[in-house]
Amino acid sequence: MNTLENLSFNQERALIRVDFNVPLDDTGNVTDATRIAAAMPTIKHILEAGGSCVLMSHLGRPKGNDPKLSLGQIVPTLEKHLGQSVQFCNEVVGQKAEAQASALQPGEVLLLENLRFHEEETKGDQVFSEALSKLGTVYVNDAFGTAHRAHASTTVVAQYFAVKKCFGHLLAAEIKAIDKVMSTGEKPVLAILGGAKVSSKITIIENILPKVDHLIIGGGMAFTFIKAQGGAIGKSICEDDKMPLALSILEQAEKLGVKIHLPVDVRAGQEFSNDTPQQVFPINEIPDDWEGMDAGPASEKNFDAVVKQSKTILWNGPLGVFEFPNFSKGTRALGASIETQTAAGAFSLVGGGDSVAAVKLFGLEDKVSYVSTGGGAMLESLEGKTLPGIEAILA
Ligand code: AMP
């Protein structure tokens, strides 16, 4: 398989799918440039290897041509990160884009307009994909966040590059991080699944169960398991229709020799708010008018002990309603345990929307081994699906 390192970029024009779907303020300034910064290693590698770069991305969900979602607005931020000037083409495909692309000299960079100004992009249109392919001599995909979509720029365009195609640094790192958890990581492997609903994580649980040694189930999800086992959960969230499934997961885990860890106590509130009176109860003895909203202190201790014996750790989903500071202790404590264990040499991957938000909120981004940038793509990988954007490069 070709990689960024073994492909020659000398005199080549790399067509790179990046993820520049960044937040903008009302006047079009980039308010968080994390994704732009993250794309730099791949772009700089190609420029330093004697190539030029044609960058393509989507921004938001435009319906047709929408100046508020023009990628032209990000050029100053991109130039600042690259430390050089960037040309912009206000078209995506066609004569003008081809002329600008083919005029690029080694070391130069061209950014195309928002791919999603064309509905053909998300439809994975063949003609549009072929038109995109004319803009480069090598294709590089560095956008993990859209790798689970069979769009023109993420998947179909790759067909037009028989061998000259590879993953960028960012996408390669995401694939490696997920592989560590799913197959190559050092044992014991621990997965921590939290968040609101069992139903949204069920395919993940089923897929990872044979691959892990320990599974912590926390957050709102845990109450379906506790109630299914006969516990009193008060007015905590619960999916009654998923209780048989919860029991079968526990059974399956036992057969596979996977140790499941549920919370043993809970910080509960009388209503769903930050300032509601708070009390700790055993997880299966929550009074009728109380709602479990965070892992309790004994659970924190138990989870800490599990984290401290693990060599590979996946964390997806908070242990409580971490958005309320008064109910963020359990999630915060788990983050601190993972931080300590990572410092002691374990590999830790945090992925999926809300746990990434929690890690950012608690300032742990640099304290874990890897924070995944792709929410949906990460979840689909954990579900065991082959992502079309990844398959297209491997084909
Ligand atoms: P998910 O997107 O499924 O990972 O769920 C994340 C959401 O679950 C966060 O917004 C949390 O506030 C919420 N959550 C976690 N624990 C609880 C709980 N015990 N009760 C209600 N919501 C919860």
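This is a short tour of a predicted protein model, going from overall dimensions down to a few single residues.

**The whole chain**

Let's start with the fold as a whole. The protein is built from 14 helices and 17 strands. Its C-alpha trace covers about 70 × 45 × 40 Å along the principal axes. How does the radius of gyration sit against what a compact globule would have? For 395 residues, a compact globule would come out near 21 Å, and the protein has 23 Å, so the two agree.

Burial and contacts fill in that picture. Of the 395 residues, 54% are buried. If you take contacts between residues at least 6 apart in sequence, 73% of them join residues at least 24 apart. On the outside, the accessible surface comes to about 16,600 Å², and carbon and sulfur atoms account for 50% of that.

What about charge? The protein carries 35 positive and 47 negative side chains. The centres of these two sets are 2 Å apart.

**Cysteines without bridges**

How many disulfides does the structure hold? The count is zero. Why is C89 not bonded to C53? The closest cysteine sulfur to that of C89 is the one in C53, and at 16 Å this is too far for a bond, given that a disulfide needs the sulfur atoms within 2.5 Å. C166 is in no disulfide either: the nearest cysteine sulfur to it, again that of C53, is 11 Å away.

Is C89 buried or exposed? With a relative accessibility of 0%, C89 counts as buried. C166 also has 0% relative accessibility, so C166 is buried too.

**Backbone oddities**

Two spots are worth a look if you're checking torsions. One is the peptide bond joining K187 and P188, which is cis, with omega at about -5°. P188 sits in the loop that runs between α6 (169-184) and β7 (189-193).

The other is Q11. This residue is not a glycine, yet its phi is positive, at about 65°. Q11 belongs to the segment before β1 (13-17). Is Q11 buried or exposed? Its relative accessibility is 62%, and because the cut-off for exposed is over 50%, Q11 counts as exposed.

**A closer look at Q309**

Q309 ties back to the cis proline. It lies in the loop between α10 (297-308) and β15 (312-316). Which residues does Q309 touch, leaving aside those up to four places away in sequence? The answer is P188, H214 and Q341, and P188 is the residue on the far side of that cis bond from K187. With a relative accessible area of 44%, Q309 is partly exposed.

**Other side chains at the surface**

Three more residues round things off. K176 is part of helix α6, and at 58% relative accessibility K176 counts as exposed. K385 is placed in the loop between α13 (375-382) and α14 (388-394); its relative accessible area of 45% makes K385 partly exposed. Q252 is in helix α9, residues 243-256, and Q252 is partly exposed as well, with a relative accessible area of 31%.

Each of these residues, along with Q309, can be paired with a partner elsewhere in the chain to give a feel for sequence separation against distance in space. The table lists the pairs.

| Pair | Separation in sequence | C-alpha to C-alpha distance |
|---|---|---|
| K385 and H148 | 237 residues | 8.8 Å |
| K176 and K308 | 132 residues | 23 Å |
| Q309 and T31 | 278 residues | 39 Å |
| Q252 and V86 | 166 residues | 55 Å |

Take two of the rows together. K385 and H148 are 237 residues apart along the chain, and their C-alpha atoms are separated by 8.8 Å. Q252 and V86 are 166 residues apart along the chain, with 55 Å between their C-alpha atoms.

Terms used. Residues numbered from 1 in each chain as written. Predicted model: local features only at pLDDT ≥ 70, side-chain atom pairs only at ≥ 80, totals over all residues. Heavy atoms only, no water. Helix = DSSP H or I, 4+ residues; strand = E, 2+ residues; numbered from the N terminus. Rg over C-alpha atoms; globule rule 2.2 N^0.38 Å. Buried < 20%, exposed > 50% of the residue type's maximum accessible area, 1.4 Å probe, protein only. Contact = heavy atoms within 4.5 Å. Areas by Shrake-Rupley, 256 points an atom, 1.4 Å probe, with all protein chains shown as cover. Lys, Arg positive; Asp, Glu negative; His and termini not counted. Charge placed at Lys NZ, Arg CZ, Asp CG, Glu CD.
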